[in-house]
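Let's take a walk around a protein model together. Have the picture ready, and we'll go from the outside to the inside.

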Amino acid sequence: MRHKVTQGSFIFRKTLDNLLYSLTSPESVSLSTLVPILAKQPYPPGKPKGWLPLYTMVTFRPDISYATVRAKAASQTGILTRVMWIGAVTIGATTGWLVWAAGNRLLHYLR
């Protein structure tokens, strides 16, 4: 585990998890008011909604079973994998097109 958290892919995934969590969370709560809110309000029943990082589900959500955590984490990993592949293909195609266009301009200039 110690080795994994220093890898760029893990840091990128963690950053993306936190970004998606902040975009899909229903409300933002400051850290100073978090303890009283958690002490007074029970977690809503049913399946967890929105994007939840794995660490948040396991550590801070006692209402979510480990089976639900595994299923939701697998689903979110699949979504992130598809998004990263789409991003990589898009960046690769754009870079290829830019190199091709620059090469054509250079050939046109040299003629």
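**From the surface to a pocket**

Tyr66 counts as exposed, because its relative accessibility is 59% and the cut-off for exposed is over 50%. Keep in mind that what you're looking at is a predicted model. To find Tyr66, go to helix H4, which covers residues 66-110. Tyr66 also has company out there: together with Leu54 and Val58 it makes a nonpolar surface patch of about 310 Å².

Now let's look at a residue with another setting. Is Asp17 buried or exposed? Asp17 has a relative accessible area of just 5%, and since anything under 20% counts as buried, Asp17 is buried. You'll find Asp17 in helix H1, which spans residues 8-24. And what does Asp17 touch, if we skip residues up to four places away in sequence? Its contacts are Trp51, Pro53 and Leu80.

Next up is some empty space. The second largest pocket in this model has a volume of about 530 Å³. It is lined by 17 residues, and the closest to its centre are Lys4, Phe10, Arg13, Asp17 and Leu54. The elements that give two or more residues to this lining are H1, H4 and helix H3 (54-60). Which element gives the largest share? That's H1, with six residues.

So two names turn up again here. Leu54 belongs to the nonpolar surface patch and is also among the residues closest to the centre of the second largest pocket. Asp17, the buried residue from before, is on that list of closest residues too.

Definitions and conventions: Residues numbered from 1 in each chain as written. Predicted model: local features only at pLDDT ≥ 70, side-chain atom pairs only at ≥ 80, totals over all residues. Heavy atoms only, no water. Patch = residues over 30% accessible without salt bridge, like charges linked within 9 Å, V, L, I, M, F, W, Y side chains within 5 Å. Areas by Shrake-Rupley, 256 points an atom, 1.4 Å probe, with all protein chains shown as cover. Salt bridge = Lys/Arg side-chain N within 4 Å of Asp/Glu carboxyl O. Helix = DSSP H or I, 4+ residues; strand = E, 2+ residues; numbered from the N terminus. Buried < 20%, exposed > 50% of the residue type's maximum accessible area, 1.4 Å probe, protein only. Contact = heavy atoms within 4.5 Å. 1 Å grid on protein atoms, 1.4 Å probe; cavity = no way out; pocket = protein on both sides within 12 Å on 5 of 7 lines; lining within 4 Å. Points joined across faces, edges and corners; volume = space filled by probe spheres on them.
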